[in-house]
Amino acid sequence: MKKTYKTGTELYHVAQKHYKDSNCCAVVAIAITCQVSFGKAFNLAKRLGRITGKGTPWGIITTSYEALGYKLVRVESGAKTVSTLGRHLPSSGRYLVHVRGHVLAFDDGVVKDWSEGRRHRIKDIYQVVKDN
């Protein structure tokens with residue numbers, strides 16, 4: 001069976017090599033938090049209006065989660081920067097973290113993005129929950 005769940009670094013590599021895509025942090029975060037392949041997340045966002053190589057508007061991000069059967073639930077946390085997420089969020093669960101101009105995945109206590117350990121100030125944190 002084809003492995004669809006990878007680290008953020010691996011997915012950025014897949015995006016550049018196979019899809020000629022950049023500025024795809026939201027697509028990578030969707031793929032990780034929904035546990036789907038980069039291709040599935042990429043094609044879904046493209047169908048919803050995302051332009052390859054450009055950032056992803058927030059409306060397309062939320063609609064992508066809904067189309068995959070998930071919802072985003074805003075959570076309050078004491079985390080102020082990406083480097084402090086591990087101390088303030090549970091070690092299980094999947095989260096979408098919004099910082100200025102970027103989103104990233106926080107999955108089972110680990111930042112799955114190039115911004116791990118950085119001091120990017122957090123704007124919002126959303127728990128990714130399966131929609132019943």
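Colleague: What is the order of the five strands in the open sheet, and in which sense do they pair?

Modeller: In this predicted model, the order across the open sheet is S1-S5-S2-S3-S4, and the pairing is antiparallel.

Colleague: What makes S1 and strand S4 (110-111) edge strands?

Modeller: The number of partners decides the matter. S1 and S4 each have a single partner strand, so one side of each is left without a neighbour in the sheet. S1 and S4 therefore stand at the edges.

Colleague: How do you know that strand S1 (residues 70-75) and strand S5 (residues 122-130) are paired?

Modeller: The criterion is at least two bridges between the strands. Six bridges join S1 to S5, and these strands run antiparallel. Set against the criterion, six bridges suffice, so S1 and S5 count as a pair. Within this pairing, Lys-71 stands opposite Val-129 in S5, and Arg-74 stands opposite Tyr-126 in S5.

Colleague: What shows that strand S2 (residues 94-99) is also paired with S5?

Modeller: The test of at least two bridges applies here as well. S2 and S5 share five bridges in the antiparallel sense, so they too qualify as a pair. Tyr-95 stands opposite Gln-127 in S5.

Colleague: Which helices lie on the sheet, and which strands do they touch?

Modeller: H2 packs on the sheet and touches S1, S2, strand S3 (102-107) and S5. The direction of H2 makes about 15 degrees with that of S3. H4 lies across S1, S2, S3 and S5, and runs at about 120 degrees to S1.

Colleague: Why is H2 called oblique to H3?

Modeller: H2 and H3 pack at an angle of about 125 degrees, with their axes 8 Å apart. An angle of 65 to 115 degrees would count as roughly perpendicular, and one over 145 as roughly antiparallel. The value for this pair falls between those ranges, so H2 is oblique to H3. As for handedness, H2 passes H3 in a right-handed crossing.

Colleague: What makes the contact of H2 with H3 a nonpolar one?

Modeller: In H2, Val-27, Val-28, Ile-30 and Ala-31 meet Phe-38, Ala-41, Phe-42 and Ala-45 in H3. Val, Ile, Ala and Phe count as nonpolar. The contact therefore divides into eight nonpolar, no polar and no charged residues.

Colleague: Why is one residue in the contact of H1 with H3 counted as polar?

Modeller: H1 and H3 pack at an angle of about 65 degrees, with their axes 10 Å apart, and H1 passes H3 in a right-handed crossing. Leu-11, Val-14, Ala-15 and Tyr-19 in H1 meet Phe-38, Gly-39 and Phe-42 in H3. The residues divide into six nonpolar, one polar and no charged. Gly counts as polar, so the polar residue is Gly-39.

Colleague: Which residues of helix H3 (residues 38-47) are buried, and what covers the buried residues?

Modeller: Phe-38, Gly-39, Ala-41, Phe-42, Leu-44 and Ala-45 are buried, and the cut-off for that term is under 20% relative accessible area. Their cover includes H1, H2 and helix H4 (58-67). H3 is followed by Gly-49, whose phi is positive, near 120 degrees.

Colleague: Why does Lys-20 count as exposed?

Modeller: Exposed means over 50% relative accessible area. Lys-20 has 65% relative accessibility, so it counts as exposed. Lys-20 is located in the loop between helix H1 (8-19) and helix H2 (25-34). Although Lys-20 is not a glycine, its phi is positive, about 50 degrees.

Colleague: What makes Asn-23 exposed?

Modeller: Asn-23 has 51% relative accessibility, which lies over the 50% cut-off, so Asn-23 counts as exposed. Asn-23 also belongs to the loop between H1 and H2. Its phi is near 55 degrees, a positive value in a residue other than glycine.

Colleague: Why is Lys-130 called partly exposed?

Modeller: The relative accessible area of Lys-130 is 48%. That value is neither under 20% nor over 50%, so Lys-130 is partly exposed. Lys-130 is placed in strand S5. Apart from its neighbours within four places in sequence, Lys-130 is in contact with Leu-68, Gly-69 and Tyr-70. Lys-130 and Cys-34 are 96 residues apart in sequence, and their C-alpha atoms are 8.8 Å apart in space.

Technical notes
Residues are numbered from 1 along each chain as its sequence is written. This is a predicted model: local features need pLDDT of at least 70, side-chain atom pairs count only at pLDDT 80 or more; totals for chains, interfaces and linings use all residues. Side-chain values use heavy atoms; hydrogens and water are left out. Helices (H or I, at least four residues) and strands (E, at least two) are DSSP runs, numbered from the N terminus. Buried means under 20% relative accessible area, exposed over 50%, partly exposed in between (1.4 Å probe, protein chains only). Contact means heavy atoms within 4.5 Å. Axes are lines fitted to C-alpha atoms, for helices over the stretch in contact, and angles run from 0 to 180 degrees between N-to-C directions. Angles under 35 degrees count as roughly parallel, over 145 as roughly antiparallel, 65 to 115 as roughly perpendicular and the rest as oblique. A crossing is left-handed if the near helix is turned anticlockwise from the far one by less than a right angle, and right-handed if clockwise.
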